[in-house]
Structure formats: C-alpha cells, structure tokens
Amino acid sequence: MTMSIVAGVDFGTLSVRVTLADTERGSLGTAISEYPLGRLRSDPDLATQSHFDHMDALARAMRLALADCAVDASEIRAIAMDTTGSSVIPVDRNLNPLSDYYLWCDHRAKAEAEEITAMAHETHLEAIEWCGGTYSHEWGFAKLLHWLRHNPGLRERFGSALEHCDMAAAVLTGVTDSSSIVRSVCAMGHKWMWNPKWGGLPSQAFLSRVDPLFDGIREKIGGSYQTSAKVAGRLSPAWADRLGLTAGIPVPVGAFDAHWDAIGAGCKLGDVVNVIGTSTCIIAVSERVKLIPGVCGVVPGSAHPDLVGVEAGLSATGDIFDAIAKRASTSVSKLSEGLEGIEGGKTGLMRFAWDNGDRTVLVRSDLGGMTIGWHLGHTAQDELYAAIEGTAFHTRIILERMEEHGVPVHRVINGGGVPQKNPLLNQIYANVLGKPILVPDGLPTGLGSSIFASLASRDHDSIEAAQAQMCVGFRRYDPDPSTRERYEMLYQLYKQVYMGFGTSSRSNFSQLLGDIKRIAAGEEVRSDLGQRPLRKMAAI
C-alpha cells in the first residue's frame with residue numbers, strides 16, 4: 001500500500017497546531033497560530049473564545065504548515081481535529097454561533113453543576129455514578145444551563161449546543177442543520193453523561209426537573225453519536241479553498257485533545273498517560289466497562305474506538321507552577337534554575353494541587369490550593385519543588401484508585417507539553433510513583449489526530465498499526481532508590497491530609513507538621529494511619 005500524507009489539527013487553549021504527517025514515517029512538521037482568550041478582571045471564572053478566531057487561526061496554520069513542510073496540498077488525504085473540552089458553543093438551527101465558546105476553563109457554572117448533581121442523586125440517576133458522583137461545572141450541561149439563564153433574549157433562537165470538536169467538524173464538512181450533527185462519543189460521553197448503557201443522554205424528564213429551561217433539550221442535543229473511527233463528513237469546497245486543501249477528503253469524528261494526545265503518545269492496554277499541561281488529564285484504556293468511584297469518566301469507545309476510555313486528572317498543574325513563579329515576579333524557567341540541587345522529599349513543604357479544585361478522586365470544586373510546613377527560610381523555589389511533588393502524589397492517588405478497580409497500570413507515560421521540557425518533573429514522578437516514567441522522544445501533540453486521519457484515509461486499518469508506524473520512541477526515567485523510603489513516608493502523610501480535608505472523615509493532624517520536618521531531617525516517623533511504624537531512613 002502506498003502511504004500518504006494527512007493533517008492532524010490540535011486546538012489548544014491559546015493556539016491551534018497543525019501537524020502534517022506521513023502515514024508511514026510520522027510527523028513531517030507543524031505550524032502554530034494563536035488566538036485570544038477572553039478574560040474579565042471583574043469575573044475571574046469567565047473564559048471565552050470566538051469560533052471565528054478559531055477558524056481563522058486554523059486557515060493560517062494550515063497554509064503555513066503546507067509551506068513550511070513543502071507539501072503539495074493535493075497530497076493531503078484526510079484532516080482530523082481534536083479540541084479542548086468541555087468547550088461549549090450555543091448555536092441557532094443553522095449552526096450560526098449565538099455567543100462565544102464557554103471554554104473548558106470557564107468556571108461560571110458552579111451553581112448549575114451543583115443543582116444537576118443534587119437532582120441526579122435525588123432521582124438515583126445512574127449516570128452520576130459514572131462521572132465520579134459529582135457533575136462538574138466544567139462540563140456541558142452545566143455550561144449550557146448557565147448560558148440559557150443569562151441570555152434570555154437569545155433563547156428563542158437557540159437550536160443546539162456543540163462541543164468544539166463537533167462544531168469544527170460540522171463547519172468543515174458544510175453542515176448547516178443542527179439536526180444533522182455528528183457528535184463525538186468521546187466528548188459527549190465524558191462531559192454530557194451520554195452512554196449506550198442507559199440509551200444515550202439522561203432522560204428528558206430528568207433534565208426538565210433540573211430546570212424547565214431544559215424542556216426539549218434532549219432532542220436539540222440530537223444527531224448521530226459516533227466514535228472517531230467513523231467519518232463525520234467530507235471537506236466542503238468552501239473550506240477546501242480556504243485551507244488550501246482538496247475538497248472531498250474525509251474528516252473523521254473529532255475528540256478531546258488529551259484523549260488523542262494519549263493515542264499519539266503510544267497508549268495501549270496496560271498504559272496510563274499523564275497528559276500534563278496547564279492541567280493534567282490522565283487517560284487509560286480498558287477492555288471492561290466498570291464503575292470507578294471518584295473517576296470522572298468511563299466511556300466505551302472514547303479514546304480508543306474499540307476499548308473503554310478512562311479519564312481522570314488534576315484541575316491545575318502547569319497553572320500552579322506559573323502562579324508560583326508570578327508571585328515571585330519571575331518565570332517558571334527562571335525559578336527552575338538550580339531546582340536539581342534540592343533533595344527529593346526534603347523541602348519540608350507539602351503542596352496540594354487544589355488551586356482549581358479537585359477533579360479526581362474527591363471531585364470537589366470548592367477546595368483551594370494549600371501549602372503546609374512553611375518556615376521563615378523557605379523560598380519560592382522550595383514551593384515550586386513541593387508543587388511538582390504534590391502533583392505527583394495526587395497522580396499516585398488516582399492511579400492507585402484506577403488499579404483498585406481493574407484498570408491495569410503497567411506503564412506510565414508522561415505526555416503533554418510540560419514533560420518535554422522538564423526532566424526534573426519526570427524524575428520526581430518516577431520517584432514518587434515508584435515506577436519508570438516514559439516520555440515520548442518528541443512532542444506527541446498532533447500525532448493522535450494524525451493517527452485518526454490515517455484511519456479515515458484508509459492508510460491504516462487499526463490504531464495499533466498506525467501507532468507502530470507513526471509514533472516516536474521514549475526516553476525513560478527510572479526511580480532513584482535513595483528517595484524511596486522518604487517518599488513512601490511522605491505519601492502516607494499526603495494521603496492522610498488529602499482524605500482528611502476532602503472527605504467527612506475526622507482526621508488527627510496533630511503530628512503532621514512535625515512529621516514533615518522529621519522526614520526532611522531524615523528522622524524516624526511513626527504513622528497514625530493504623531499501619532506499622534514507618535522505618536527510619538538510611539542516611540543520605
């Protein structure tokens with residue numbers, strides 16, 4: 001079979017990346033075009049973006065990629081797109097936007113999410129248990145309800161609401177009727193409580209009980225629900241002309257960026273991929289559909305069309321590092337200089353990554369970031385180091401929960417942008433998790449969308465076949481045995497505080513601060529968690 005070239009598109013929070021890939025050799029090159037993010041000082045929860053800015057940036061990036069890679073447009077045989085999510089846009093019946101996107105990091109819909117969660121538990125809605133027991137303000141129904149409540153003058157024109165990946169595919173394929181939308185199983189399953197187990201979306205009766213503004217909404221969020229192994233449509237002549245491509249090439253059903261990043265990072269059964277960026281999405285695949293308490297999404301066909309996708313994560317990761325640096329009036333790169341001189345587990349600080357709430361496993365948006373153990377000599381560098389450790393500890397809690405409920409974790413892959421430029425973070429994760437960390441030897445962003453484009457172009461007949469040809473290799477970080485006992489003791493303390501602050505259990509923290517100091521000094525620590533005394537560390 002003659003291999004061809006495909007285009008993989010990744011819409012991120014601040015820019016779109018177009019990757020052109022040879023279906024036999026992988027990435028040929030990328031191009032990026034930025035767009036603005038709408039923020040208001042008076043409303044820090046608001047985060048919006050323009051559909052037209054997105055599409056203008058896509059056209060610029062595509063033409064730039066074609067020029068930079070010296071690729072003839074006629075060689076491109078398919079284009080696939082992933083996006084952030086839940087990023088929701090209300091449209092009229094002809095798919096004309098009625099407002100900007102509520103971006104994934106828009107946090108205005110907290111009250112609406114709480115109402116959906118309360119009604120789901122009151123009515124024993126099974127769907128709520130499959131998204132961690134709490135419906136998030138970051139997700140689709142909450143954002144749509146917030147929009148309906150705050151835009152009464154536009155309700156009459158409302159035709160539907162779409163996730164960004166579905167809107168982008170619909171526009172490129174010339175869809176102008178909201179009832180003809182092809183929707184992503186990945187997007188709708190993880191953020192809109194869709195699941196074939198209960199016949200798709202929650203019932204209209206339930207949605208109307210949440211708020212009468214949802215009357216008729218189930219039909220309006222209709223259309224065909226498909227995995228990304230299916231083609232959403234063909235590139236329209238108008239958009240082919242605008243992008244500089246050939247009309248009629250296939251456009252597969254889209255998905256969320258983290259899920260396709262995981263595929264691009266080489267994720268297979270037994271792997272967990274930490275897609276680490278401004279936040280962390282933790283993606284795994286499983287052969288079985290099984291409820292995992294506190295995990296926000298278990299959806300058949302989401303990341304991998306033939307397997308069950310499992311999504312968890314941290315609501316803030318890189319954002320926390322940036323915030324620490326900003327408070328110190330510097331950048332993360334500057335503040336990181338010399339971090340390797342700090343001994344793991346010996347800052348005397350413990351940092352909890354709740355600055356945007358807890359996505360998994362507590363599923364609580366009301367928590368706040370917390371650093372404990374301060375003394376007057378601590379620096380911003382100490383906090384940054386402890387924050388990296390804290391995100392690793394939090395990740396370990398999530399991975400252990402997944403393993404307890406049948407998701408195999410044989411390999412841990414650190415994907416996303418942050419691990420590419422932060423070797424120390426990867427080493428700390430290996431030390432804290434007690435497992436080797438694999439990091440793609442090159443940025444995998446865009447490779448996942450290229451892989452799904454290669455299925456649409458029929459150059460590959462399976463995800464695994466495409467990964468074997470198109471994915472990059474790995475750099476490996478092995479745990480440092482000298483940190484093992486120290487991190488094991490710290491992890492026990494971290495879990496105690498994590499569960500103590502995040503659940504209704506009554507925890508005794510009277511020894512906590514002293515224990516953190518004793519661990520930093522290499523002294524013996526006794527656990528009050530009902531376990532045997534923790535052993536004294538060997539001298540370092």
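Helices are DSSP runs of H or I with at least four residues, numbered from the N terminus. The views below are taken from a predicted model.

**Figure 1. Backbone at M193, in the loop between helix 6 (185-191) and helix 7 (204-210)**. M193 is a residue other than glycine, yet its phi is positive, near 65 degrees. With a relative accessible area of 4%, M193 is buried.

**Figure 2. Backbone at R458, in the loop between helix 15 (447-456) and helix 16 (463-470)**. R458 is not a glycine either, and its phi is positive at about 65 degrees. The relative accessible area of R458 is 71%, so this residue counts as exposed.

**Figure 3. Packing of helix 11 (residues 318-327) and helix 13 (residues 380-404)**. The two axes come within 10 Å and cross at roughly 170 degrees. Because angles over 145 degrees count as roughly antiparallel, helix 11 and helix 13 are described as roughly antiparallel to each other. Helix 11 contributes I320, F321, I324 and R327 to the contact, while helix 13 contributes A380, E383, L384, A387, I388 and T391. Classified by residue type, this contact of helix 11 with helix 13 has seven nonpolar, one polar and two charged residues.

**Figure 4. The aromatic pair W354 and Y498**. A search of the whole structure finds 14 aromatic pairs. In the pair of W354 and Y498, the centres are 5.6 Å apart and the planes stand at 45 degrees, a tilted arrangement. W354 lies in the loop between strand 19 (350-352) and strand 20 (370-372), whereas Y498 belongs to helix 17 (residues 484-502); the pair thus links distant parts of the chain, 144 residues apart. Both W354 and Y498 are buried.

**Figure 5. The aromatic pair F393 and Y491**. The ring centres of F393 and Y491 are 6.1 Å apart and their planes meet at 25 degrees, so the pair is stacked. This pair also links distant parts of the chain, with F393 in helix 13 and Y491 in helix 17, 98 residues apart. F393 is buried at 3% relative accessibility, and Y491 is buried with a relative accessible area of 1%. One aromatic cluster is formed by F352, W354, F393, Y487, Y491, Y494 and Y498.

**Figure 6. Surroundings of the cysteines C186 and C267**. The structure holds zero disulfides. For C186, the nearest cysteine sulfur is that of C165, 6.9 Å away. C186 counts as buried, at 1% relative accessibility. For C267, the nearest cysteine sulfur is that of C471, at a distance of 10 Å. C267 likewise counts as buried, at 3% relative accessibility.

**Figure 7. The cis peptide bonds G85 to S86** **and T360 to V361**. Omega is about 5 degrees for the bond joining G85 and S86. S86 is placed in the loop between strand 6 (76-83) and strand 7 (88-91). For the bond joining T360 and V361, omega is about 10 degrees. V361 is placed in the loop between strand 19 and strand 20.

**Figure 8. D515 in helix 18 (residues 512-520)**. At 6% relative accessibility, this aspartate, D515, counts as buried. D515 and G373 are 142 residues apart in sequence, and their C-alpha atoms are 9.7 Å apart in space.

How values were computed: Residues are numbered from 1 along each chain as its sequence is written. This is a predicted model: local features need pLDDT of at least 70, side-chain atom pairs count only at pLDDT 80 or more; totals for chains, interfaces and linings use all residues. Side-chain values use heavy atoms; hydrogens and water are left out. Axes are lines fitted to C-alpha atoms, for helices over the stretch in contact, and angles run from 0 to 180 degrees between N-to-C directions. Helices (H or I, at least four residues) and strands (E, at least two) are DSSP runs, numbered from the N terminus. Angles under 35 degrees count as roughly parallel, over 145 as roughly antiparallel, 65 to 115 as roughly perpendicular and the rest as oblique. Contact means heavy atoms within 4.5 Å. Ala, Val, Leu, Ile, Met, Phe, Trp, Tyr, Cys and Pro count as nonpolar, Asp, Glu, Lys and Arg as charged, and the others, Gly among them, as polar. A disulfide is a pair of cysteine sulfur atoms within 2.5 Å. Buried means under 20% relative accessible area, exposed over 50%, partly exposed in between (1.4 Å probe, protein chains only). Rings of Phe, Tyr and Trp (its six-membered ring) pair if their centres lie within 6.5 Å; planes under 30 degrees apart count as stacked, over 60 as edge-to-face and the rest as tilted.
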